[in-house]
Amino acid sequence: MRDRVEQKIGVVGGGLMGHGIAYLLAAAGHRVAVFEPAADIRSSLAARLRAIADLLDDDPALLQRIAAHDALAPAVHGAAFVFEAAPEKLPLKQQIFAELEQLARPDAILASNSSAIPSTAIGRHLTHRQRVIGTHFWNPPHLVPLVEVVQNEKTSDDVVRRTMELLRDAGKTPVHIRRDVPGFVGNRLQHAMKREAIALVAAGVCDAETVDIVVREGFGARTAVLGPMEQSDLVGTNLTLDIAEVLYPDLDRTPGPHPFLRDIVKAGKLGMKTGEGLRQWTPQQAEAVRTRLSRFLAEQAKARRKQQS
Ligand SMILES: NC(=O)c1ccc[n+]([C@@H]2O[C@H](COP(=O)([O-])OP(=O)(O)OC[C@H]3O[C@@H](n4cnc5c(N)ncnc54)[C@H](O)[C@@H]3O)[C@@H](O)[C@H]2O)c1
């Protein structure tokens, strides 16, 4: 790994994603300034960052590199990069980016962590659109390695290169997505699978728990080390084609979200937070899932760091 150059980095929004992004960049040796307008969320930032340091067995002294601000200007002043992690509302993000254009260094890269809103739309009214880019981190951003670096029609190649470099040096796995398509790559793949999973349960082929077992104990058991393209080449593209010929005509093609999912949401079955969604959850079962996930990701993250050091 190359020697890292310490830079100032601004993070806009100190919620679920913002605090994790701030942590990972501070852990990479940068000075991070977080703008968080909500007083209660701002005051809980230190404890949430401390919990990450504990989870990853890091020296909490690194948290001294993170400052919280109640205004945007001091957080982004002099920053080389600004990562926006504010609520998923287009007018709000457009307003933030308009302010960033005024407040940030002229050469600062302005990155949005939006899950679904194209950065093309977020930066539409700016004068210097070549520095606007999508950086789609996955939750929790300090544990999941991937960041989709999404180039929009105006983003310069140099901005893509500098963003990839910063993230790679911070130990992430950035990938260059060449077009600003909805859902980028990861969410398109994830939701293509969910679409079929929901249709199978709706048709009574199996229950929701069985879907989870099939994925976790079946192809999911190898997915972390074998991507779908590698897997297709491993078994042979001819076999992949033979299966596609039989299967694709039978896969779900409901236009839009499946009525089964719409009905569940309409009935107020919103998942673990209401005790029922696609499956039923006691508070203890929900907590067990969260703990299992967090422990698994933390162990993976620690092992990866060991390999990288
Ligand atoms: N939660 C996920 O799994 C996930 C994954 C990838 C990307 N994202 C995206 O990241 C962004 C943030 O999501 P989150 O889950 O962290 O939401 P969140 O609600 O936890 O955090 C958003 C924070 O922004 C603050 N905020 C409100 N108005 C603001 C403003 N004008 N300027 C700056 N901050 C403001 C809020 O007080 C809040 O603390 C969204 O665009 C979301 O789509 C979320």
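A polar contact is taken here as a pair of N or O atoms within 3.5 Å, and on this basis the surroundings of the ligand were examined in the structure, which is a predicted model. A polar side-chain atom of Glu88 is placed 2.5 Å from an oxygen atom of the ligand, while a polar side-chain atom of Ser115 lies at 2.8 Å from a ligand oxygen atom. In the side chain of Asn113, an N or O atom is found 3.0 Å from an oxygen atom of the ligand. On its own the ligand has 830 Å² of accessible area, of which the protein covers 74%.

The ligand is surrounded by 23 residues, and the closest of these are Met17, Glu36, Glu88, Lys93 and Ser115. Sorted by class, this shell is made up of 13 nonpolar, 7 polar and 3 charged residues. At least two residues of the shell come from each of helix 1 (16-27), helix 4 (90-103) and strand 6 (132-137), with helix 4 giving the most, namely 3 residues.

Strand 6 also takes part in an arrangement of aromatic side chains. Over the whole structure, a search finds 2 aromatic pairs. In one of them, the rings of Phe81 and Phe83 have centres separated by 6.1 Å and planes inclined at 5°, and the pair is therefore classed as stacked, the cut-off for that class being an angle under 30 degrees. The pair formed by Phe83 and Phe137 is edge-to-face, with a centre-to-centre distance of 5.8 Å and an angle of 75° between the planes. Because Phe83 belongs to strand 4 (residues 81-84) and Phe137 to strand 6, this pair ties together parts that are 54 residues apart in sequence. Through these ring pairs, Phe81, Phe83 and Phe137 are linked into a cluster. Phe81 is buried, with a relative accessible area of 4%, Phe83 counts as buried at 1%, and Phe137 is likewise buried, with a value of 2%.

A further buried position is found in helix 5 (residues 119-122), where Ala121 is located. The relative accessibility of Ala121 is 11%, and the residue therefore counts as buried, the limit for that class being under 20%. When neighbours within four places in sequence are left aside, Ala121 is in contact with Leu90 and Gln94. Between Ala121 and Pro91, which stand 30 residues apart in sequence, the C-alpha to C-alpha distance is 9.7 Å.

Conventions:
Residues are numbered from 1 along each chain as its sequence is written. This is a predicted model: local features need pLDDT of at least 70, side-chain atom pairs count only at pLDDT 80 or more; totals for chains, interfaces and linings use all residues. Side-chain values use heavy atoms; hydrogens and water are left out. A residue is near a molecule or strand if one of its heavy atoms lies within 4 Å of it. A polar contact is a pair of N or O atoms within 3.5 Å; within protein, one must be able to donate a hydrogen and the other to accept it, and residues adjacent in sequence count only if both atoms are side-chain atoms. Accessible areas come from the Shrake-Rupley method with a 1.4 Å probe; for residues, only the protein chains shown count as cover. Helices (H or I, at least four residues) and strands (E, at least two) are DSSP runs, numbered from the N terminus. Ala, Val, Leu, Ile, Met, Phe, Trp, Tyr, Cys and Pro count as nonpolar, Asp, Glu, Lys and Arg as charged, and the others, Gly among them, as polar. Buried means under 20% relative accessible area, exposed over 50%, partly exposed in between (1.4 Å probe, protein chains only). Contact means heavy atoms within 4.5 Å. Rings of Phe, Tyr and Trp (its six-membered ring) pair if their centres lie within 6.5 Å; planes under 30 degrees apart count as stacked, over 60 as edge-to-face and the rest as tilted.
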